[in-house]
Amino acid sequence: MYGWRERIGLIVPSSNTTMEMELHAFLPEGVSLHTARMPLKSVTEEELLKMGSLAVEGARLLKDAAVDVILYGCTSGSFIGGKDFEKELEARIEDEVNVPVVSTSTAVVEALKILDAQRILVITPYTEGINEREREFLEANDFEVLDIRGLGIEENTEIGKVEPYEAYRLAKATFMEEADAVFISCTNLRTFEIIEALEADLGVPVVTSNQASLWLVLREMDVMEKIPELGRLLIDF
């Protein structure tokens, strides 16, 4: 039986081509991943808010697969409404399906906190408008955003085409010695190949949307495997 240990239910934007692939590659033995999708083509505030209103239906379908936890797998879609928006979204879904729910934004906040990262550098594929919403969300959660740099991409399928080295080079080029950590945002941006190298080169923890999501959902299920390829977060915590 697939998922004899635990089953993850994942809700992702319909245009996300990355998150499932990265998570599947590092799932511990006995943990399975089952996915539902919500309509989204462009990473705009209007589409992100509309997508959030459709999350409950995806969660209902995932409940049919007897999943143990549901992951709302979209960073911008879970911070776009400001501080506590992600908590309200999680609660709304959980109330409907009676399955524990976590979101990517919650995972990122928890990861940065457990790593004791106060001053952060943020790398994204987003436009300036979405970057500003992310800065506001992070600062409302008591982080100091030293800088936030984006690639200016709106179409989500184009984000999925970005090679991991682009995020690596952007992070390295904008790194500041006073940063406690680097956060690379977006579940549709490939990052798993660069986490180890970036931590080695910069000497600080690296948190990415998919890495933090995987870490928190596993810990929520009391699956405590260490995954060294995914950096300090999945080694030490």
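Here is a short tour of one strand, its two partner strands and a glutamate on a helix beside them in sequence.

Before you click, note that this is a predicted model, where local features need pLDDT of at least 70, side-chain atom pairs count only at pLDDT 80 or more, and totals for chains, interfaces and linings use all residues. Residues are numbered from 1 along each chain as its sequence is written, and side-chain values use heavy atoms, with hydrogens and water left out.

Start by selecting residues 119-124, which are strand 5. Helices (H or I, at least four residues) and strands (E, at least two) are DSSP runs, numbered from the N terminus. Strand 5 is largely enclosed by the rest of the structure, because 5 of its 6 residues are buried (under 20% relative accessible area; exposed is over 50%, partly exposed in between, with a 1.4 Å probe and protein chains only).

Next, add residues 144-150: this is strand 6, paired parallel to strand 5 over 6 bridges (pairing takes at least two DSSP bridges between the strands). Zoom in on valine 122, whose bridge partner in strand 6 is isoleucine 148.

Now add residues 181-184 for strand 7, parallel to strand 5 and joined to it by 4 bridges. Here isoleucine 120 has alanine 181 as its bridge partner.

Finally, show helix 7, residues 128-140, and pick glutamate 136 in it. Glutamate 136 counts as partly exposed because its relative accessibility is 42%. Its C-alpha atom lies 7.1 Å from that of glycine 82, 54 residues away along the chain.
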